[in-house]
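The following report goes through strand pairing, nonpolar cores and helix packing in turn. Please read it alongside the structure shown here.

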Amino acid sequence: MMNFKGILFDLDGTLVDSNAAVDRCWSHWCDRNNLDYSEVSKVFHGKPAFVTVREFLAGKSDEYIASEIQWLKDQESKDVSDVKALPGVLEFLALVERYKVPWAIVTSGPMPVASARIKAAGLPVPHALITSDAITKGKPDPEPFLLGAERIQINAKDCLVFEDSPAGAKAGISAGSKVIGIMSHLNESDLNMTHSNIKTMTGLGISALSNSFRLTFK
């Protein structure tokens, strides 16, 4: 059991399964730039795309880097045909809404991509949506989660963070939140810094306390 006043969710790999779309877009991007996808894929999970693009295109002009970042945004915004909610997510979000829990989605993706995936997966509209467009430092820096907590008017120390990546988990911990790892594509050893790990949100429950909420596990 964990007590909390607000929830901050990562998006990809936490609320939605977008793996196939992500792999397709980044694979095409690697082909465009003669890069080894197996190497690039070790880096981009859980981080803003512009960080990875700048790293692998170091030495290219600012104009070229900007154009490649835009290309990725455009492709990922369009390629959502097989994006879907992960198991238990819609049911848990329905509970979050029923109990009127303040909540936000905090993602490393840009606004157009995040909005397209939220819609494609049929998720309810979050109370706040923090994307890479709104921050100066991405995960593992705590800035995204601190901003998310601010937007829902809850202290980050009173928030639960749901994350599927080590970078995101570290960001949540640095923000002072309790972090629950979602093992949608990694295992417990990869998320050994979290407060708790679960495979899916199936069976998660919420109960109301006098001035907060309690999360219960199946």
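## Strand pairing

Gly 205 has Thr 216 of E11 as its bridge partner. Strand E10 (residues 205-208) pairs with strand E11 (residues 213-216) in the antiparallel sense over four bridges, where pairing requires at least two DSSP bridges between the strands and strands are DSSP runs of E with at least two residues, helices being runs of H or I with at least four, both numbered from the N terminus. Together E10 and E11 form a hairpin, with four residues between them.

The model is predicted, and local features need pLDDT of at least 70, side-chain atom pairs count only at pLDDT 80 or more, and totals for chains, interfaces and linings use all residues. Residues are numbered from 1 along each chain as its sequence is written, while side-chain values use heavy atoms and leave out hydrogens and water.

## Nonpolar core

The largest nonpolar core (buried Ala, Val, Leu, Ile, Met, Phe, Trp, Tyr and Cys residues joined through side-chain atoms within 4.5 Å, buried meaning under 20% relative accessible area with a 1.4 Å probe, protein chains only) has 36 residues, of which Phe 9, Phe 92, Leu 123 and Phe 162 touch the most other members. Helix H5 (89-98) is one of the elements that give two or more residues to this core, and H5 gives the most, with five.

## Helix packing

Helix H3 (residues 49-56) and helix H4 (residues 62-78) pack with their axes 10 Å apart and at an angle of about 135 degrees, the axes being lines fitted to C-alpha atoms over the stretch in contact and the angles running from 0 to 180 degrees between N-to-C directions. H3 is therefore oblique to H4, a class that holds angles outside the ranges under 35 degrees (roughly parallel), over 145 (roughly antiparallel) and 65 to 115 (roughly perpendicular). Contact, meaning heavy atoms within 4.5 Å, is made by Ala 49, Phe 50, Val 53 and Arg 54 of H3 and by Ile 65, Glu 68, Ile 69 and Leu 72 of H4.

Technical notes: Buried < 20%, exposed > 50% of the residue type's maximum accessible area, 1.4 Å probe, protein only.
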